Amino acid sequence: MRCHEAPERVQDSEKILESAAPFGGYCATRYRAALPGERPQVDRDELAALVRAHQAEIYRYLRYLGASSPAAAEDLAQETFMAAFTSTCPPLSRDERLLAAWLRGIARNLFLNDYRKRKRSPIKINISLVEEAEAVWNRDFLREGDGFETIEALQRCLERLPENRRGALDLFYRQGRSREEVAAHLKMTEDGVKSLLRGIRKVLADCIRRNLAMPGIGAP
Amino acid sequence: MNDPLDSLIDTLLREKLGNEHPPDLMERILHEADRRLKPRRRILAASLASAAVLLLAFAGWLWLQEPRRGSILQTDEKPRRLNLGGYCNLRMEPHTVLKLEGEPKAEAIVLERGGLACQVDPGGGSFSVKTGLGTVSVKGTRFTVRMDGTGLLVRIQEGSVWLGTGSGRHLLEKGRVEEGGVWIGKITEIQGDVIAVKIEGEPGARLVTPPDLDEMTLQAFKTFEIGSAVELDWVLDGSRQIRSIRTAK
């Protein structure tokens, strides 16, 4: 499909990509198609600059979408930059936020394609949630920045987290114990651990929001 | 993913507490980019190789079209231009037959029949036209050679040429038109200094006397007998004048 052409049959993932494309354009106004025989507009140096600036976010974003493992996220991130490298219609603008959104669009599409290939995957994707995920990523992580403030806020919230909750997080995240092992350690059921962890994450999310809304306030 | 916000905090916790930091993919990605660029380079190299092969094939075809030594060239109704060794520009007249000989810097042809206009660039090398009646050797000149039956015509437009015949070798200068030939016949009568020769294809006999002949021929003159086969060199000087007579080969 050429950049300037509308897809004849829009599939779910393409819908998402279209709706989430930077400034709502699917290569419509801010993208242009390469002329026949024209080289892709991202050269090797620009690719290096893109990787340097956006690789952390793209990797993190893929894990956030549900890439099954760090290795899977790395592979998809690599493919994202390769797709950008060979793209015939990169954004004309060099605005970093626009480029990041463009790369996330590619990553999201690749993630969904990869998911389709693995129909037997235990990971279940709700397509409408993926659409919502982009909104959450922008609103709750990037916050019109690069997400660094959110990470710092998380650190502050973790430091203020009660010891028992912190212990559960340590077992699961820091020590890499399975839910079953954590349940045994805390003398709980697996479902109980699941609910506990989800509850802690909810608390942390609220804390981060409060913290960023009013820095200095927002202990869990 | 059931709850994007929950998934976001989960991702950040894995990074913060689980030490799952985003990896540095720079080297890996650039390596992959270089690898994917290679096919383009291979295509370019293949295109260049194909072009080189085509060029070689074309050069080979041209080489095959080029007349080579030993080959016999013949024209029909149309003239033909030739270049030998890069310095001999020849124009074969219609109905001409010649054979290519010689070697680099010393191009030569054997003119069997017909006519040939030659322009030899000075400094390129020597060039000679061999005929059954004589050889024209040149270095940097323009001339015409025509051979018909038993006659040879040499016309000099520029420079000079050496004309070698059975009776010797002499220089022809610019503007000179030399027309001569060889008659073959049999001596029918000898009376003192006069020899009667019956020329093949001509009625009657032609009389040859010593004043017509050069010194060398005079020495051989005494050895002739009636019935001897002889060759007579003639040149056109108003009419055909006999210049020499010798025993036929």
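Here is a walk through a predicted model with two chains, A and B, from one chain's fold to the contact and then to a few single residues.

Let's start with chain A. Its secondary structure is helical: the count is 9 helices and 0 strands. Read from the N terminus, the order is α-α-α-α-α-α-α-α-α. Chain A has 220 residues, and 45% of them count as buried. If you take the contacts in chain A between residues at least 6 apart in sequence, 65% join residues at least 24 apart. As for the outside of chain A, the accessible surface comes to about 11700 Å², and carbon and sulfur atoms account for 50% of that.

Now look at where the chains meet. The size of an interface is often given as the accessible area lost when the parts come together. Here, the area buried between chain B and chain A is about 4000 Å², with 66% of it from carbon and sulfur atoms. Chain A puts 48 residues into the contact, while chain B puts in 33 residues. On the polar side of things, 12 residue pairs are in polar contact between chain B and chain A, counting pairs with both residues at pLDDT 80 or more. Which helices of chain B supply at least two residues each to the side that touches chain A? They are helix H1 (4-16) and helix H2 (26-65). H1(B) gives the largest share of that side, with 13 residues. Sorted by class, the side of chain B that touches chain A holds 16 nonpolar, 12 charged and 5 polar residues.

Those charged residues bring us to salt bridges. Side chains of opposite charge can pair when their charged atoms come close. Over all chains the count is 21 salt bridges, and across the interface of chain B and chain A there are 8 salt bridges.

Try picking out B:Asp34 and A:Arg44 in the viewer. These two form a salt bridge, with their closest N and O atoms 2.6 Å apart. The pair crosses between chains, running from helix H2 of chain B, where B:Asp34 sits, to helix H2 (residues 44-65) of chain A, where you'll find A:Arg44. Are these two residues buried, exposed or partly exposed? B:Asp34 counts as partly exposed because its relative accessibility is 22%, and A:Arg44 is partly exposed too, with a relative accessible area of 35%.

Another pair that crosses between chains goes from B:Arg28 in helix H2 of chain B to A:Glu74 in helix H3 (residues 70-86) of chain A. Their side chains meet in a salt bridge at 3.0 Å, N to O. B:Arg28 has a relative accessible area of 29%, so this residue is partly exposed. A:Glu74, at 22% relative accessibility, also counts as partly exposed.

Next, move over to helix H1 of chain B, where B:Asp10 and B:Arg14 both lie, 4 residues apart, or about one turn of the helix. Their side chains meet in a salt bridge of 3.1 Å, N to O. B:Asp10 counts as buried because its relative accessibility is 14%, whereas B:Arg14 is partly exposed, with a relative accessible area of 30%. There's a wider link here as well: salt bridges that share partners join B:Asp6, B:Asp10, B:Arg14, A:Arg198 and A:Arg201 into one network.

Back in chain A, have a look at the loop between helix H5 (127-142) and helix H6 (148-159), which is where A:Arg143 lies. A:Arg143 has a positive phi, near 50 degrees, and is a residue other than glycine. A:Glu144 lies in the loop between H5 and H6 as well, and its phi is also positive, about 65 degrees, although it is not a glycine. A:Arg143 is partly exposed, with a relative accessible area of 27%. A:Glu144, by contrast, has 69% relative accessibility, so this residue counts as exposed.

One last stop is B:Leu171, in strand E11 (residues 168-172) of chain B. Leaving out residues up to four places away in sequence, B:Leu171 touches B:Ser160, B:Val161, B:Trp162 and B:Arg176. Of these, B:Ser160 is 11 residues from B:Leu171 along the chain, with 6.9 Å between their C-alpha atoms. B:Leu171 is partly exposed, with a relative accessible area of 32%.

Note on methods:
Residues numbered from 1 in each chain as written. Chains lettered and ligands numbered in written order. Predicted model: local features only at pLDDT ≥ 70, side-chain atom pairs only at ≥ 80, totals over all residues. Heavy atoms only, no water. Contact = heavy atoms within 4.5 Å. Buried area = accessible area lost by both parts, 1.4 Å probe. Salt bridge = Lys/Arg side-chain N within 4 Å of Asp/Glu carboxyl O. Polar contact = N/O pair within 3.5 Å; in protein donor to acceptor, adjacent residues only side chain to side chain. Nonpolar A, V, L, I, M, F, W, Y, C, P; charged D, E, K, R; others polar. Buried < 20%, exposed > 50% of the residue type's maximum accessible area, 1.4 Å probe, protein only. Areas by Shrake-Rupley, 256 points an atom, 1.4 Å probe, with all protein chains shown as cover.
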